[in-house]
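Biologist: I would like to learn how to read surface and burial features in a model like this one. Could you take me through them step by step?

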Amino acid sequence: MKWKKLTLKTTTEALDYMGAIADELGLEGFEIEDNVPLTEEEKARMFIDILPELPPDDGSAMVHFYIDEDADAAAIAENIRKAAAEYSDFCDFGSLEAAYSETEDKDWINNWKQFFKPFRVDDTIVIKPTWEELEDVRDNDLVIEIDPGTAFGTGAHETTKLCILNLKKYLKEGDSLLDVGCGSGILSIVGMKLGARGAVGIDVDDNATRTSVENADTNDLTAFYASKNDIELLDDQICFATGNVIDDAGLREAVGLHCYDVVVANILAPIIIPLSAVVGEFMKPGAFFISSGIINTAEEDVRNALLENGFEIVAVDHMKDWVSFTAKKA
């Protein structure tokens, strides 16, 4: 089935009103496109790779409505304008200029899968989606299968590659691993495959931690989901749990104090900076803290935070616009 796409030019100021109008007219939701930057709270809830630069926020916005193929899009646009006129004394709706197009009825939540193909992180580590076949397999390959679902983390992004390469370099056989912001669980899984004796993965997104358990099982690893009170670092297992270790001291204690040989965090610079103030609580003396998700414009801010919190910076690695720090606890 095809859908008509009605796009109206408006303002960010008018978005709440546009939502009310859409509800009044029986439109089942809409898509907003604007340049409003994420708040610090939103960044803390979204452990994703954010584009380094956005266009300036000029207050403009685009609202996209998806309507039935047989509907009169022009008439709907006019009805929206009439409804907006009733609120015009309270809000600037912009031009409400309309544009029309068609879109296919697709499975949007899974459509991205066509772009996720098997790839090599290095000569021996291969990441493949669960739905793809792997043709070029070498005898010494370590193959990791991942289905991120709606969690972040295919391994294809430079930040994840940097973390994997540094795990391979600094994690030793028998080390304990903590994965902060675990996403799809890929770094916990790689760590276990590289010889970690046990791992704990934490994420603020409950969907991510539950997806991580499934991905670990796909890779023939034993994993379980735990509540805050049941977190355990166990041999030959990965424990995944949901929570914010920066803000929750009780959660940090539950995760385990001074018991990890390696901590890895592929998040964002604005999260790594406050994390650097508490992550040492998890680490044994001499343990390594591998961090990435850092855009190069934030490199010095992260460096300063690590140094101010008593870390020795062991290595700084770059890949395109992204940076990874490996730091050591005194």
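Modeller: Let us start with what a charged patch is: its residues each have over 30% relative accessible area and no salt bridge, and like charges are joined within 9 Å. Please keep in mind that this is a predicted model.

Biologist: Which residues form the negative surface patch here?

Modeller: The negative surface patch is formed by Glu28, Asp68, Glu69 and Asp70. Of these, Asp68 belongs to strand E3, which covers residues 60-68.

Biologist: Why does Asp68 count as partly exposed?

Modeller: Partly exposed lies between the limits of 20% and 50% relative accessible area, and Asp68 counts as partly exposed because its relative accessibility is 43%.

Biologist: And is Ser292 buried or exposed?

Modeller: A residue is called buried when its relative accessible area is under 20%; Ser292, which lies in strand E13 (residues 283-295), has 0% relative accessibility and therefore counts as buried.

Biologist: Which residues is Ser292 in contact with, leaving aside its neighbours within four places in sequence?

Modeller: The contacts of Ser292 beyond those neighbours include Thr159, Leu162 and Cys163, together with Ala265, Asn266, Ile267 and Leu268, and also Ile272, Val323 and Ser324. As for distance, the C-alpha atoms of Ser292 and Thr160 are 7.4 Å apart in space, although 132 residues separate the two in sequence.

Biologist: What do the totals say about the chain as a whole?

Modeller: The chain has 10 helices and 15 strands, and 45% of its 330 residues are buried. Among contacts with a separation of 6 or more, 68% join residues 24 or more positions apart, while the exposed area is about 16100 Å², with 47% of it supplied by carbon and sulfur atoms.

Definitions and conventions
Residues numbered from 1 in each chain as written. Predicted model: local features only at pLDDT ≥ 70, side-chain atom pairs only at ≥ 80, totals over all residues. Heavy atoms only, no water. Helix = DSSP H or I, 4+ residues; strand = E, 2+ residues; numbered from the N terminus. Buried < 20%, exposed > 50% of the residue type's maximum accessible area, 1.4 Å probe, protein only. Contact = heavy atoms within 4.5 Å. Areas by Shrake-Rupley, 256 points an atom, 1.4 Å probe, with all protein chains shown as cover. Patch = residues over 30% accessible without salt bridge, like charges linked within 9 Å, V, L, I, M, F, W, Y side chains within 5 Å. Salt bridge = Lys/Arg side-chain N within 4 Å of Asp/Glu carboxyl O. Lys, Arg positive; Asp, Glu negative; His and termini not counted. Charge placed at Lys NZ, Arg CZ, Asp CG, Glu CD.
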